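Hi there,

Here is the structure I promised to pass on to you. Have a look at it first, and then read my notes below.

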Amino acid sequence: AAESTYVERCVLSARRRGAWQGAIVVLTDAPKERYEGFFDENVFIVHPKEEHFLPVGYFDYGEMNYKRFKTYIIDYVKAVPELDKVEWIYYIDIDVLF
C-alpha cells in the first residue's frame with residue numbers, strides 16, 4: 001500500500017461514499033510527507049514503532065512483519081491525544097478492501 005493509491009482511495013471512499021466524518025487513523029510506514037495536506041484534519045497518520053518491525057523470540061515475520069501492527073492498534077491510537085475520547089476502534093486492513 002505504501003507505493004499505491006489504495007490508502008487515499010480507502011479514506012476518500014469512507015468520507016464520500018460512506019459519509020463517515022469521524023476520526024480515521026492510517027497506520028503506515030510511508031514517509032510522513034506522502035499524505036501531507038491530502039486528508040482532512042480528522043485523519044491521523046501514525047507510524048509503527050521501530051521495535052514492532054523486529055522478530056519476536058524465535059519467530060521471524062520476514063516480509064509479513066506489518067501483520068503484527070494490528071495487535072498494537074490500541075497502543076497506536078493511544079499515542080494520538082486527539083483520539084482520547086474514541087470508544088470504538090474498527091480495524092480494516094487495506095488488502096481486505098482492494
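Is A23 buried, partly exposed or exposed? Its relative accessible area is 29%, and buried means under 20% while exposed means over 50%, so A23 counts as partly exposed. Please keep in mind that this is a predicted model.

You will find A23 in the loop between helix 1 (6-16) and strand 1. Leaving out residues up to four places away in sequence, A23 touches N42, F44 and L83. The C-alpha atoms of A23 and V86 are separated by 8.5 Å, although these two residues are 63 residues apart along the chain.

Next, try T28, which sits in the loop between strand 1 (24-27) and strand 2 (43-46). T28 has 8% relative accessibility, which is under the 20% limit, so T28 is buried. Again leaving out residues up to four places away in sequence, T28 is in touch with Y35, I45, V46, H47 and P48. A polar atom of the T28 side chain also lies 2.9 Å from the backbone nitrogen of A30.

Two of those partners of T28, Y35 and I45, turn up again in the lining of the second largest pocket. The rest of that lining is K32, E36, G37, F38, F39, D40, V43 and F44; F44 is also one of the residues that A23 touches. Sorted by class, the lining has 6 nonpolar, 1 polar and 3 charged residues. The space in this pocket is about 180 Å³.

Enjoy exploring, and write back with any questions!

Best wishes

Key: Residues are numbered from 1 along each chain as its sequence is written. This is a predicted model: local features need pLDDT of at least 70, side-chain atom pairs count only at pLDDT 80 or more; totals for chains, interfaces and linings use all residues. Side-chain values use heavy atoms; hydrogens and water are left out. On a 1 Å grid over the protein atoms alone, a cavity is a set of points where a 1.4 Å probe fits but cannot get out, and a pocket is an open set with protein on both sides within 12 Å along at least five of seven lines; lining residues have an atom within 4 Å of a point. Grid points are joined across faces, edges and corners, and a volume is the space filled by probe spheres set on the points. Ala, Val, Leu, Ile, Met, Phe, Trp, Tyr, Cys and Pro count as nonpolar, Asp, Glu, Lys and Arg as charged, and the others, Gly among them, as polar. Helices (H or I, at least four residues) and strands (E, at least two) are DSSP runs, numbered from the N terminus. Buried means under 20% relative accessible area, exposed over 50%, partly exposed in between (1.4 Å probe, protein chains only). A polar contact is a pair of N or O atoms within 3.5 Å; within protein, one must be able to donate a hydrogen and the other to accept it, and residues adjacent in sequence count only if both atoms are side-chain atoms. Contact means heavy atoms within 4.5 Å.
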